[in-house]
Amino acid sequence: MAAKPFAVCILSGKRKSGKDYVAERLKILLGKSNCEILRLSGPLKREYARIHKLDYQKLLDSSDYKEKYRKDMIKWGEEKRNAEPYYFCELAAKMAYRDAQSETKLYWLVSDARRITDLQFFQQHYPRVVHVRVTASDDVRMRRGWMFTNGVDDAESECGLDDVIFDVAIINNGDNEQLENSLASLKDKLTA
């Protein structure tokens with residue numbers, strides 16, 4: 001197996017807070033060739049799509065297609081995690097090693113941590129882990145297409161890390177200067 005990454009940056013936050021956007025911007029800042037974005041939902045969605053004969057690619061984007069299956073996908077994922085808490089984290093890490101072929105990227109950016117077990121897995125297996133909480137106001141999230149949904153926004157998949165202490169907070173309300181300053185500080189923390 002290839003060497004471990006120098007640092008793992010774990011992003012958590014509510015739906016439509018912009019976790020994927022922040023991960024992509026951070027990847028550019030750190031250097032695309034130095035980073036691998038790990039999406040814990042990727043292995044979950046791939047397996048869910050296979051079992052239910054759905055379009056895996058459509059489950060990856062922010063479309064209405066994904067929203068149609070979200071509640072059932074969450075339920076299925078919870079059942080899988082209850083049986084094997086680190087299942088999707090292990091799959092995502094294996095995919096990152098496989099994609100890296102002979103050389104592991106310096107930085108792994110986990111764009112969608114949702115549960116305490118997600119943090120625990122990376123903290124137990126990798127020496128440098130930085131937990132970043134991405135936030136956006138409800139008004140901004142609504143402009144991005146979010147609407148509170150019972151059974152989704154009050155479920156562990158959205159609330160599991162609400163009370164966990166994080167290392168860095170990034171406010172992603174559309175203020176590019178504020179975001180760039182936050183990302184520059186995060187880069188310094190990751191590369192030190």
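This is a short tour of a predicted model, with a suggestion at each stop for what to select next.

**Stop 1: the annotated cluster**

Start by selecting K14, R15, K16, S17, G18, K19, D20 and R144, which an unreviewed UniProt entry lists under "binding site". Although these residues span 131 positions in sequence, no two of their C-alpha atoms are more than 13.0 Å apart, so they gather at one spot. Now show the surface: the lining of the largest pocket includes K14, R15, K16, S17, G18, K19, D20 and R144.

**Stop 2: R15**

Keep that view and pick out R15, in the loop that runs between β1 (7–12) and α1 (19–30). Is R15 buried or exposed? Its relative accessibility is 7%, so R15 counts as buried. To see what surrounds it, show E67, R70, R141, W146, M147, T149, V152, D153 and E158; R15 touches each of them, leaving aside neighbours within four places in sequence.

**Stop 3: K19**

Next, click on K19, which sits in helix α1. With 8% relative accessibility against a cut-off of under 20%, K19 counts as buried too. Leaving aside neighbours within four places in sequence, its contacts are L11, S12, G13, K14, S111, D112, R114 and V134. Which backbone oxygen does the side chain of K19 reach? Draw a distance to G13: the side chain of K19 comes to its backbone oxygen at 3.2 Å.

**Stop 4: N172**

Now move to N172, which the unreviewed UniProt entry also lists for "binding site". You'll find N172 in the loop between β5 (168–171) and α9 (176–191). N172 has a relative accessibility of 4%, so it counts as buried. Turn on its contacts and, leaving aside neighbours within four places in sequence, you should get S17, G18, Y21, V22, V134, T135, A136, V140, R144 and L179. Some of those will look familiar from the first stop: S17, G18 and R144 are in the UniProt list there.

**Stop 5: into helix α9**

From N172, follow the chain into α9. Before going along the helix, show the side chain of D175, which caps the N-terminal end of α9. One of its side-chain oxygens lies 3.2 Å from the backbone nitrogen of E177.

Then select N176, a residue of α9. N176 has 45% relative accessibility, so it counts as partly exposed. Leaving aside neighbours within four places in sequence, N176 is in contact with Y21 and R25. For a sense of scale, draw a line from the C-alpha of N176 to that of T104: the two are 72 residues apart along the chain and separated by 31 Å.

**Stop 6: the two sides of α9**

Finally, select all of α9. The helix has 16 residues and reaches 22 Å from its first C-alpha to its last, close to the 22 Å expected at 1.5 Å a residue. Which residues of α9 are buried? Colour L179, S182, L183, L186 and L190 to see them. Look down the helix axis: the buried residues fall within an arc of 100 degrees, so they line one face of the helix. What covers the buried residues of α9? Show β1, α1, β3 (107–113), β4 (129–135) and β5, which are among the elements that do so. Then rotate to the other side of α9, where E177 and D188 are exposed.

Key:
Residues numbered from 1 in each chain as written. Predicted model: local features only at pLDDT ≥ 70, side-chain atom pairs only at ≥ 80, totals over all residues. Heavy atoms only, no water. UniProt positions renumbered as here; feature names shortened; annotations may be inferred. Helix = DSSP H or I, 4+ residues; strand = E, 2+ residues; numbered from the N terminus. Buried < 20%, exposed > 50% of the residue type's maximum accessible area, 1.4 Å probe, protein only. Contact = heavy atoms within 4.5 Å. 1 Å grid on protein atoms, 1.4 Å probe; cavity = no way out; pocket = protein on both sides within 12 Å on 5 of 7 lines; lining within 4 Å. Polar contact = N/O pair within 3.5 Å; in protein donor to acceptor, adjacent residues only side chain to side chain. Expected span 1.5 Å × (residues − 1). Arc of directions from axis to C-beta.
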